Amino acid sequence: GLDADQIARATLESVAENTSDAVVAPLFWGAVAGLPGLLGYRAVNTLDAMVGYRNPRYRNFGWAAARLDDLANWLPARLAGALATALAPLVDGTPEAAARAVAEQAPAHPSPNGGVVEAAFAGALGVTLGGRNTYDGVTEDRGELGHGPAPTPADLARGVRLADAVGLGSAAIAVA
């Protein structure tokens, strides 16, 4: 039931968070602790994706997976946010707008790490992400991130360029 602009918003939110979770964090943990660190991180992240949900079936185990994932992603998410902020000019944005969105709005997001990355991307792209979402009939407020208009499908290419740049930047840092 989403229109094209709502799909663009959801896509940009996913691109931002997955850039951190699937690119920056594994490179970070690989640089810090080698192959065991990279594989350990991916195991934690996958466990959170599989059972880290807040539902009765996984209540006694899923919370631990989710908190461990939050802990493992704390530094990498901030690195991804810092890179998105610094690289904002590559997508016709400003580091100031990205930094402002992170400082003012990231805490409104329910994820301690997702809010940082999504706010940085929103600010860098000059759009507003977040807001109200409905999952399986449950409406949740994820906080508004950014100070611009709602994204459109035209913003997707810029979002992917930013994600690519953040990935390359994190790879360079990991190698260093």
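1. How much space lies in the largest pocket? About 1300 Å³. Keep in mind that this is a predicted model. The pocket has 39 lining residues. Closest to its centre are Asp-48, Gly-52, Tyr-53, Glu-140 and Arg-142.

2. Next, the elements around that pocket. Two or more lining residues come from each of α1 (4–51), α2 (59–86), α4 (114–125), β1 (129–135) and β2 (138–145). The biggest share belongs to α1, which gives the most to the lining, with 12 residues. Sorted by class, the lining of the largest pocket holds 14 charged, 13 polar and 12 nonpolar residues.

3. The second largest pocket encloses about 180 Å³ of space. Its lining consists of Leu-2, Gln-6, Arg-9, Ala-10, Glu-13, Arg-132, Asn-133, Thr-134 and Tyr-135. The elements that supply two or more of these residues are α1 and β1. The class split for this lining is three nonpolar, three polar and three charged residues. Both α1 and β1 also appear among the elements that line the largest pocket.

4. Now look at α2. This helix has 28 residues. From its first C-alpha to its last, α2 reaches 39 Å, close to the 40 Å expected at 1.5 Å a residue. Yet α2 is bent: the angle is about 45° at Trp-74. A proline, Pro-76, follows within four residues of that point. View the bend and the end-to-end reach of α2 together when you inspect the model.

5. After α2 comes a loop worth a look. Asp-92 lies in the loop between α2 and α3 (95–105). The phi of Asp-92 is positive, about 65°, although Asp-92 is not a glycine. Most residues other than glycine have a negative phi. Is Asp-92 buried or exposed? Asp-92 counts as exposed, because its relative accessibility is 70% and the cut-off for exposed is over 50%.

6. Last, the aromatic rings. How many aromatic pairs are there by the rule used here? The count comes to one. The partners are Phe-28 and Trp-29, and their pair is edge-to-face. The ring centres are 5.0 Å apart, with 90° between the planes. Trp-29 has a relative accessible area of 24%. That value falls between the cut-offs of 20% for buried and 50% for exposed, so Trp-29 counts as partly exposed.

Key. Residues are numbered from 1 along each chain as its sequence is written. This is a predicted model: local features need pLDDT of at least 70, side-chain atom pairs count only at pLDDT 80 or more; totals for chains, interfaces and linings use all residues. Side-chain values use heavy atoms; hydrogens and water are left out. Rings of Phe, Tyr and Trp (its six-membered ring) pair if their centres lie within 6.5 Å; planes under 30 degrees apart count as stacked, over 60 as edge-to-face and the rest as tilted. Buried means under 20% relative accessible area, exposed over 50%, partly exposed in between (1.4 Å probe, protein chains only). On a 1 Å grid over the protein atoms alone, a cavity is a set of points where a 1.4 Å probe fits but cannot get out, and a pocket is an open set with protein on both sides within 12 Å along at least five of seven lines; lining residues have an atom within 4 Å of a point. Grid points are joined across faces, edges and corners, and a volume is the space filled by probe spheres set on the points. Ala, Val, Leu, Ile, Met, Phe, Trp, Tyr, Cys and Pro count as nonpolar, Asp, Glu, Lys and Arg as charged, and the others, Gly among them, as polar. The expected span of a helix is 1.5 Å times one less than its number of residues. The bend at a residue is the angle between axes fitted to the seven residues ending there and the seven starting there.
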